[in-house]
Amino acid sequence: MAQILKDISRTFSEFLLLPNLTDERCIPTNVSLKTPLVKFKKGEEPKYSANIPFVSAIMQSVSGEKMGIALAREGGVAFIYGSQPIEEQAQMVYRVKKHKAGFVISDSNVKSGTPLKEVLALVKKTGHSTVIITEDGTANGKFLGIVTDKDYRLTRDNQDEPIDNFMTKAEKTITAKKGITLAEANDIIWEHKINCLPILTEEGNLKYLVFRKDYEERKNNPNSLLDENKRYIVGAGINTRDYEQRVPALVDAGVDLLCIDSSDGYSVWQKNTIAFIREKYGDKVKVGAGNVVDREGFRYLAEAGADFIKVGVGGGSICITREQKGIGRGQASALIDVVEERNKYFEETGIYIPVCSDGGIVHDYHITLALALGADFVMMGRYFARFEESPTRVVKMGNNYVKEYWGEGSNRAKNWQRYDLGEDKEKLSFEEGVDSYIPYAGPLKDNLDITVHKIKSTMCNCGAINLQELHDKARVTLVSNVSIKEGSAHDVILKEIDNNL
């Protein structure tokens, strides 16, 4: 006979937080959301922590390189989607890593004699107004000059003329030699009031560029999540099929964190994948695993060597795994069960394994609930897919703008490596995700700032100014359908907003 669990499978919407004493410390500006991303021993610090407890889902419609840059800038981590060719995923990781290096490898280069019109086409394609002219047109060729949008006039200049006629030549360009520190490079930029400083080898070949805007960006985004070389931290998704080829390529590209992307992580395939990484790299390469929904799944992956473990099956807004296969668990119940086992494992071994709650988040307060129930960070898809920085296009529907959003288990994603168990895909495949639209919400930062402020404000109500305090102090109560209705606007006539005002 099947084992029947007596407890009801519950969601975040069935719980509310109770307020605790708010003391003098409890103001949002005092709240820290710093959280561990990978396992660590008691008394030690984790190799990676996030400044906000947010990571983006391993999805084609969510986590590309723009999301990687934007989210790391705010203190979180994006996991670049793995359902693409290995080389393309590795390039995405590489571009995120080099974006924040301070010393940037130029990707807008032309050779001497290139017509202005071709340079303009390159500027339109890359969005970069600074173009470098090298002898062979590569990023490491002999440096000949530099041109910006201030060096030509689109309405008057002949676009068939060679770029040599517009560029500032090498001998008139302020440059620096390879080996200079980033601080020294920034001093030169400010001293000479320039926007870009080319860094050259002894032979005069281009090596890097340093931009004024990157210095200002660092000053304006103090929460940015950086590695020891001042580069953005970025993650990437892997599967249990081609990991022997994909993992080395991602490591070579500079990836900081890996995560096995699967709808069901309680499997020997994940154990084998982790074993390969440990055998090849030891503990130097950090890899998360999942997804699981109970203590047995957590314990299996913990003993397999996972650096963090994701919780959640079937709770995503585009996921129909429960509908198609009848498998999964309410996100709140799954999280409570796994966190209890995580804490037990910590007591037994002295090793703390962070738990990532993945799915089931509809409202911002659900994030705070997930953290209160013991999650160290949350992975979200729909939340991030709405933003300008997600990889999908903006579409106008009626009077509104929307973005495309599809699940990795949908036919559109064709991410069968996430679900494949070796069957004939043509005959036996079925969808576990839908293809949809979501309202376009604008830039990530504008929305994330509001969400973060809500979380910090709620934590103050709970008497907590960091996530460990929230784990320890939070009080949570079940709610009825009637009390849920009571918590919304009711028994009033809402005013309609006139958009023309």
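**Exercise 1.** Determine which residue forms a salt bridge with Asp337, and classify both partners by burial.

*Solution.* Step 1: a salt bridge requires a side-chain nitrogen of Lys or Arg within 4 Å of a carboxyl oxygen of Asp or Glu. Asp337 meets this rule with Arg329, the closest N and O atoms being 3.0 Å apart. The model is predicted: local features need pLDDT of at least 70, side-chain atom pairs count only at pLDDT 80 or more, and totals for chains, interfaces and linings use all residues. Residues are numbered from 1 along each chain as its sequence is written, and side-chain values use heavy atoms, with hydrogens and water left out.

Step 2: buried means under 20% relative accessible area, exposed over 50%, and partly exposed in between (1.4 Å probe, protein chains only). Asp337, at 12%, is buried; Arg329, at 17%, is buried as well.

**Exercise 2.** Identify which helices are joined by the salt bridge between Arg299 and Glu341.

*Solution.* Step 1: the side chains of Arg299 and Glu341 meet at 2.8 Å, N to O. Step 2: helices are DSSP runs (H or I, at least four residues), numbered from the N terminus. Arg299 lies in helix α8 (residues 295–304) and Glu341 in helix α10 (residues 331–349), so the pair ties together parts 42 residues apart in sequence. Step 3: Arg299 has a relative accessible area of 18% and is buried, and Glu341, at 6%, is also buried.

**Exercise 3.** State which residues are linked with Arg329 and Asp337 in a network of salt bridges.

*Solution.* The network also includes Arg295, Arg299, Glu340, Glu341 and Glu348.

Key:
Helix = DSSP H or I, 4+ residues; strand = E, 2+ residues; numbered from the N terminus.
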